[in-house]
Amino acid sequence: MRLEENKGILTIPQFGKIQLEGFFRFINQGLIEEINNFSKIESSNKKIKIILFGSEYKLTEPFIKERDAVYMSVTYNCQLYVPARLIKKTKKTCEIQDQILYLGDIPLMNSKGTFVINGNYRVVVNQIVRSPGIYYTWKRKPSGNIIWIGTIISDWGRRSRLELNKKKEKIWIRINKKKISVLLFLLAMGLNFEEIFNYKNVKAFFRYSKEYYTWYGGKRKAILKLYKKLYISDENEEEGEEEEEEEELDFESIDEKVTTFFRTKCLLGKMGRRNLNKKLSLDVSENEILLLPYDILAAVDYLIKVQFGAGTLDDIDHLKNRYIRSVADLLQEQLRLALYDFREAVEKTILPGISINVKKRITLIKLETFISLTGTFQNFFGLHPLSQFLDQTNPLAEIVHSRKVSSLGPGGLTSRTSTFRTRDIHPSHYGRICPITTSEGINVGLIGSLSIYATLGHYGSLKSPFYRLSERSNKDHMVYLLPGEDEYYRIAIGNSLALNQGVPEEQLTAARFQQEFLFFAWDQIHFRSIFPSQYFSVGVCLIPFIEHNDANRALMGSNMQRQALPLVQPEKCIVGTGLEGQVALDSGSVAIAKQGGKIKYIDGENIIITSSVARDNIETELILYQRSNSDTCMHQKPRVRQGEYVKRGQIIADSAATAGGELSLGKNILVAYMPWEGYNFEDAILISERLVYEDIFTSFQIVRYKIGVYFTDQGPEVITREIPHLNAYLLRHLDENGIVMIGSWIETGDILVGKLILEAEEDSLINTPEGKLLQALFDIKAPTGKENCFRVPKGVKGRVIDVRCFQEFEEEEDDYLGDIIEKVHVYILQKRKIQVGDKVAGRHGNKGIISKILPRQDMPYLQNGTPVDMVLNPLGVPSRMNVGQIFECLLGLAGKLMNKHYRLPPFDERYEREASRKLVFSELYKASEQTANPWVFETDNPGKHRLIDGRTGKVFEQPVTIGIAYISKLCHQVDDKIHARSRGPYALVTQQPLKGKSSRGGQRVGEMEVWALEGFGVAYILHEILTLKSDHMDTREKIFGAIFNGEPMPKPTTFTESFRLLSRELRSLALELNHTTLSEIDFQIDKKEV
């Protein structure tokens, strides 16, 4: 089929849709379902009933705006009210009491798909877990014997295993690491021998085994034996003793315990029931969510069939055997737990008291104190591994974080124990989970990202769209396929070469069929992909010429785009993929017109639109220099003019990381691939000073300092400007209240908030002669107390842009300093230019550190006199196999010269062979023609140019590849990492310095560093590092005074603390370390004797 015949157009689903749909599903369905499933609370004498009506619940509007919740460090939530009924029966009357019950606060999702919890943006990551049901596999034991296994996964992730050993002719079920005969288990569940052995293949298997003739007794005896196997560990008792014990035991309590075990361990849920029915060909209602005896019997029968090769084995890593637990499922689970706790509290505290004392008054209002919904949700969002601190480095980072899919978390896998097989890419991931984007390190393969077209289907399965090829009509029909369905069809991949009628070889196309890639004729194809990038996630789809890159480098490129800092002057890329506009729009970082109409008024803070429909004014408040979770700057700039007409949904203001409505994470920079004096050796990068002075790579950082005012043991703290014994220069930025003024330029050591700890009256300054004189002369009371001001930390300087004060603020503190009275938040904006040590990267995984900043006159320059901005190492391309960067920079040069922008979908070779190279060279040739610069495209060296050395004026010997590359500055800045320590804290046990900048730690001297120093023979330096600067407690105290007074270095006379620790540990193993001091003379005498 020709590609031109495709007339159907499909827009990419909104990137935040999966989160929003999940929360709506919880509010509209999950909430009602969970409250309705909450069965009525009833007293033991059936006289008191409490009923909740879930379908009539109400949510109130939030008390504060989302932005205010961020500033005040509180949760953005709404209150949940549910109608309740209390029925109280007496001998004569039946009292009915109706009341609307306040259940608690539910955090609200904002339009970006995130939550505000305690003032921080958080996101609930989607979890991918094994579906409940039964899965068959096998494993070979070291003896060579094959064990056939059927794993039953319950709704809560608990597992039981059916194991068949053909050699021993036994089938057992393994629960809690205990092996129990499957016959005993079935008898305890209520079946008898006839029902078991008359079922299909079961009798044929057991006919020659010992168990066929074993008498377990009836159901009662089977339950007792099962109880002993499960709960009583001592099995080595004589049979007579066992029988006596059975008579003594209370059968009713045992039966209740075993029944409870079946209920909890054998809970399938609706999804598990559906999967079990499908696998074992059963016809049981989906409402039957418990595992029935006949289910286990059918599972045993299928296991016997699998052993004979009649049944099919399961691939546990196939997406049809896994499902997505979205935010709806996780929140519904938390609501279930809160309601369960509520019922338990009421049944244990209130109902027993009323049953005894009938006259005791009870009201529904009293029950509100027992509902822990607010606390349950706060704990979930604060502590659950899937509720994560939102990455807000840039708009792309927000989108990708909300589209993450994690295999970790409760009920999932663990990073320590996961095998390579569970981390690997599976054929069923195509079009659903991106095969490229994953985290590097220990979580590789366990955390993925959704593909751009993937949507959530029924029962949490991921589905992907395809075009159905129809022979009858020329139109294509779009169909969503579930993970298990696409294996039965031949699906042509979207990057296959275009069909050319004249060439017979091109009548075949690559297609997926039954998890393999094969070649088929076009008339045998059932479906085809709707877009070449259908298989990739958002970050990967933003890389141009990705088909020329190695997958490992594409992974790094997509990961590093999320670390790009928004720059002062955003600039959109010359070469892109066309997805930048949708990313900017769906991220929620840009301001959008809520209604179509005319711009009535515009300034830096507000845009007012007069609606063309309702004729009323709609005001849009813009974000101004707001701090993000990652300390980057969020800011909106209007991109419309007063009097202009706009449509609904049109972008009216750009964010800090967008330009012209497109995502703009970097700058178009003139780069050259050449060595330069070794300054770009091994991923180091040489840059021109133009990037510094013209603020090309300048970014804003907003740091927030939280200053608490406490009621301490020594007395209460007060904020004041009147602080005795302090230099007036240090207090120059404080207002009359003692808080720093907005607009102040502050540096290290300046006071942000002046604080005093008030002393008791008898110790105060008033009782001194100076205090009495001040009081007599000026009639003022001199402030007294201990100074405890908050100073600007080391390495911080910037402009104070905002100050916020909060009274009676309650928050959990890491270090308890006393009861908190007041809280002050100070926001400092830092302007960071690019400098040596900063990390920059392209979109193709080509990253590096700035090694030197050259004056522009020393940089190599082009034949028209333009100096190069950045010099990259050419050896970083061939071995890394990310050739896409060369195509990008050459096409970028053509675009820059002709003032054009290119948007190229990936896999362009589906149009013709060598399409990328032809496009780039043809555009370069056009640019040289239009600008009358023949050096732009030289036929001898297409894509390469003669560069001139800025220092000597001579032409370099070899032609050099130059072009315009899109380069980003990443959040790994040297200002955040550089650190020095003279003295600081030490670890308690080893007495060695702590590590890390946050702990004011020292520089680690490891094993290899010691070898290097030993190799140089620097004995004194080595001795000093290992003892005086580390854990020699006596000498390190004396050394400070010696340096201060100019005295010689003290020589240690005792052992270091690490040696003492070693000797103590040896003593704990009963090994005593003794030492004797040998004098020099004795040693010589011993030598002679020897």
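Helix 10 is mostly covered, with 13 of its 15 residues buried. This helix runs over residues 293–307. From first C-alpha to last, helix 10 reaches 22 Å, close to the 21 Å expected at 1.5 Å a residue. Just after helix 10 comes Gly309, with a positive phi of about 90°. Everything here describes a predicted model.

**The chain as a whole**

The protein chain has 1090 residues, and 48% of them count as buried. Its secondary structure comprises 28 helices and 53 strands. Take the contacts between residues at least 6 apart in sequence: 67% of them join residues at least 24 apart. The chain exposes about 56,800 Å². Carbon and sulfur atoms supply 52% of that exposed area.

**Two more covered helices**

Helix 21 spans residues 884–898. Its 15 residues should span 21 Å at 1.5 Å a residue, and its end C-alpha atoms are 21 Å apart, so the two values agree. How many residues of helix 21 are buried? The count is 12 of 15, so this helix is mostly covered, given that buried means under 20% relative accessible area. Among the buried ones are Phe887, Cys889, Leu890, Leu891 and Met898. Gly884, Gly892 and Gly895 are buried too, and so is Glu888.

What covers the buried residues of helix 21? The cover includes helix 22 (915–931) and several strands. Among those strands are strand 25 (575–576), strand 37 (667–673) and strand 53 (960–969). Strand 51 (902–903) and strand 52 (944–945) also take part. After helix 21 comes Asn899, whose phi is positive, near 55°.

Helix 17 covers residues 551–561. Of its 11 residues, 9 are buried, so helix 17 is largely enclosed by the rest of the structure. The buried residues of helix 17 include Arg553, Leu555, Met556 and Met560. Ser558, Asn559 and Gln561 are buried as well. Their cover includes helix 14 (395–402) and helix 16 (538–541). Strand 48 (839–841) and strand 49 (847–854) are also part of that cover.

**The second largest pocket**

The second largest pocket holds about 1,500 Å³ of space. Its lining has 43 residues. Which of them lie nearest the centre? They are Glu66, Arg67, Glu621, Ile623 and Gln636. Several elements give two or more residues to this lining, including helix 18 (580–586), strand 29 (617–621) and strand 46 (798–807). Helix 2 gives the most, with 4 residues. By class, the lining has 18 nonpolar, 12 polar and 13 charged residues.

**Positive phi in loops**

Most residues other than glycine have a negative phi. Two loop residues are worth a look here. Tyr459 is not a glycine, yet its phi is positive, about 60°. Tyr459 sits in the loop between strand 18 (455–456) and strand 19 (462–468). Its relative accessible area is 22%, so Tyr459 is partly exposed. Glu677 also has a positive phi, near 55°. Its place is the loop between strand 37 and strand 38 (684–688). Is Glu677 buried or exposed? At 55% relative accessibility it counts as exposed, because the cut-off for exposed is over 50%.

**Pairs apart in sequence**

Lys221 belongs to helix 6, residues 219–231. With a relative accessible area of 49%, Lys221 is partly exposed. Gly865 lies in the loop between strand 49 and strand 50 (870–872). At 43% relative accessibility, Gly865 counts as partly exposed. Each of these residues has a partner, listed below.

| Pair | Separation along the chain | C-alpha to C-alpha distance |
|---|---|---|
| Lys221 and Phe251 | 30 residues | 9.9 Å |
| Gly865 and Leu947 | 82 residues | 9.7 Å |

Strand 49 comes up in two places: it helps cover the buried residues of helix 17, and it borders the loop that holds Gly865. Strand 37 has two roles as well: it helps cover helix 21, and it borders the loop that holds Glu677.

Note on methods: Residues numbered from 1 in each chain as written. Predicted model: local features only at pLDDT ≥ 70, side-chain atom pairs only at ≥ 80, totals over all residues. Heavy atoms only, no water. Expected span 1.5 Å × (residues − 1). Buried < 20%, exposed > 50% of the residue type's maximum accessible area, 1.4 Å probe, protein only. Contact = heavy atoms within 4.5 Å. 1 Å grid on protein atoms, 1.4 Å probe; cavity = no way out; pocket = protein on both sides within 12 Å on 5 of 7 lines; lining within 4 Å. Points joined across faces, edges and corners; volume = space filled by probe spheres on them. Nonpolar A, V, L, I, M, F, W, Y, C, P; charged D, E, K, R; others polar. Areas by Shrake-Rupley, 256 points an atom, 1.4 Å probe, with all protein chains shown as cover.
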